[in-house]
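Trainee: I'd like to learn how to read a fold from its coordinates. Can you walk me through one, feature by feature?

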Amino acid sequence: MTKPHAIVILTGAGISAESGIDTFRGGGGLWEQHRVEDVATPEAFARDPELVLRFYDMRRAAIQTKASNAAHVALGRLEREWPKRVPGGEVTVVTQNVDDLHERGGSLNVIHMHGEHLSAWCTACDARHRWTGPLLDRPRCPACGTRALRPDIVWFGEIPYRMDAIQTALAEADLFVSIGTSGAVYPAAGFVRLARELGLQTLELNLERSQGSTWFHETRLGPATELVTNWVDTLLA
């Protein structure tokens with residue numbers, strides 16, 4: 001693999017699992033405790049807002065007790081050091097995760113395509129606010145004062161955030177890396193095919209092969225904390 005200039009990294013639940021964040025689709029995963037239709041759709045929120053708000057309040061509180069792991073820290077280091085090794089080089093992290101462990105690991109150029117637990121969205125005025133407390137008691141929006149805040153999470157049936165920015169980053173990159181993803185959730189699952197069509201080199205780092213594994217030029221299997229750290233060390237060597 002030739003040395004890349006711009007790198008786009010897609011991360012999924014597998015990179016946060018070693019920090020104790022529940023995965024959505026693995027054994028014992030989050031959705032086994034609740035049906036998707038009950039907690040992760042606009043219809044669910046309209047039907048039973050208290051259940052949905054309670055569910056996300058619990059997740060929001062839980063992630064604040066977790067810490068970034070070695071994989072998050074390695075990606076933060078790569079973002080800082082890559083431009084020093086490759087003038088004009090850039091690293092963009094596109095994450096399906098709604099935790100803030102990438103930021104706490106040192107990454108700054110992060111696109112949260114599925115939203116963020118530590119953000120609240122006012123459906124009345126469209127403002128977004130950093131939010132660490134509960135929403136169940138229906139607090140007022142700091143911007144407009146209405147009680148129309150909801151979790152700033154992309155639910156099933158809603159359009160992921162910043163798709164234009166993601167497509168632009170892929171168009172300008174020459175390496176696409178997927179870390180800890182199942183390859184089952186679109187549109188993220190289709191990024192590797194787009195990357196191949198654009199002529200990018202592609203690498204999968206995962207605990208097991210994803211559903212789209214055959215699209216990657218190379219797949220390496222193992223825990224994210226080991227694979228990502230070793231890959232970054234080699235790239236920066």
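Mentor: We'll go through strands, sheets, salt bridges and aromatic pairs in turn. Keep in mind that this is a predicted model.

Trainee: Let's start with strand E7, residues 175–179. How many of the five residues are buried?

Mentor: The general idea comes first: in a regular strand the side chains alternate between the two faces of the sheet. Now the case here: five of the five residues of E7 are buried, so the strand is largely enclosed by the rest of the structure. Look at one side and you find Leu-175, Val-177 and Ile-179; look at the other and you find Phe-176 and Ser-178, and these are all buried, so to speak, with both faces covered.

Trainee: And which strands does E7 pair with, parallel or antiparallel?

Mentor: Strands of a sheet pair through backbone hydrogen bonds, either parallel or antiparallel. In this model, strand E1 (residues 6–11) runs parallel to E7, joined by five bridges. One contact to look up there is Thr-11, whose bridge partner in E7 is Ile-179. Strand E8 (residues 201–206) is also joined to E7 by five bridges, and these two run parallel. For that pairing, find Ser-178: its bridge partner in E8 is Glu-204. Between E7 and E8 the chain passes through helix H8 (residues 191–197), and this β-α-β crossover is right-handed.

Trainee: Which strands form the open sheet with antiparallel pairing, and in what order?

Mentor: That one has three strands, in the order E5-E4-E6. E5 and E6 are the edge strands, each pairing on one side only. On average, neighbouring strands of this sheet are turned by 40 degrees against each other, direction ignored. Zoom in on E4 (residues 115–122) and E6: four bridges join them, running antiparallel, and Cys-122 stands opposite Leu-149 in E6.

Trainee: What lies across E4 and E6?

Mentor: Helix H4 (residues 49–63) does, and it runs at about 135 degrees to E4.

Trainee: On to charges. How many salt bridges does the structure hold?

Mentor: Eleven salt bridges in total. To read one, check the N to O distance, then ask where the partners sit. Take Arg-128 and Asp-152: their closest N and O atoms are 3.1 Å apart. Arg-128 lies in strand E5 (residues 128–130) and Asp-152 in strand E6 (residues 149–153), so this pair ties together parts that are 24 residues apart in sequence.

Trainee: Is Asp-152 buried or exposed?

Mentor: Buried, at 4% relative accessibility. Arg-128, at 39%, counts as partly exposed. There's a similar reading for Glu-158 and Arg-150, whose salt bridge has its closest N and O atoms 3.0 Å apart: Glu-158 is partly exposed at 25% relative accessibility, while Arg-150 is buried at 5%.

Trainee: Which residues do salt bridges with shared partners join into one network?

Mentor: Arg-77, Glu-81, Arg-85 and Asp-233. Within that group, Arg-85 and Glu-81 form a salt bridge with their closest N and O atoms 3.7 Å apart. Both lie in helix H5 (residues 70–85), four residues apart, about one turn of the helix. Arg-85 is partly exposed, at 41% relative accessibility.

Trainee: Last topic, then. How many aromatic pairs does the structure hold?

Mentor: A pair of aromatic rings is described by the distance of the centres and the angle of the planes. This structure holds four aromatic pairs. Phe-45 and Trp-155 make a tilted one, at 5.4 Å centre to centre with 50 degrees between the planes. Phe-45 lies in helix H3 (residues 42–47) and Trp-155 in the loop between E6 and helix H7 (163–172), so the pair ties together parts that are 110 residues apart in sequence. Phe-45 and Trp-155 are buried.

Trainee: How far apart are the ring centres of Phe-176 and Phe-216?

Mentor: They are 6.3 Å apart, and the planes are at 15 degrees, so the pair is stacked. Here's our E7 again: Phe-176 lies in that strand and Phe-216 in the loop between E8 and strand E9 (218–221), so the pair ties together parts that are 40 residues apart in sequence. Both of these residues, Phe-176 and Phe-216, are buried.

Trainee: Which residues form one aromatic cluster?

Mentor: Phe-45 and Trp-155 belong to it, together with Phe-55 and Tyr-56.

Methods
Residues numbered from 1 in each chain as written. Predicted model: local features only at pLDDT ≥ 70, side-chain atom pairs only at ≥ 80, totals over all residues. Heavy atoms only, no water. Buried < 20%, exposed > 50% of the residue type's maximum accessible area, 1.4 Å probe, protein only. Pairing = 2+ DSSP bridges. Right-handed = clockwise from strand over helix to strand, strands pointing away. Salt bridge = Lys/Arg side-chain N within 4 Å of Asp/Glu carboxyl O. Axes fitted to C-alpha atoms, helices over the stretch in contact; angles between N-to-C directions. Contact = heavy atoms within 4.5 Å. Phe/Tyr/Trp six-rings, centres within 6.5 Å; stacked < 30°, edge-to-face > 60°.
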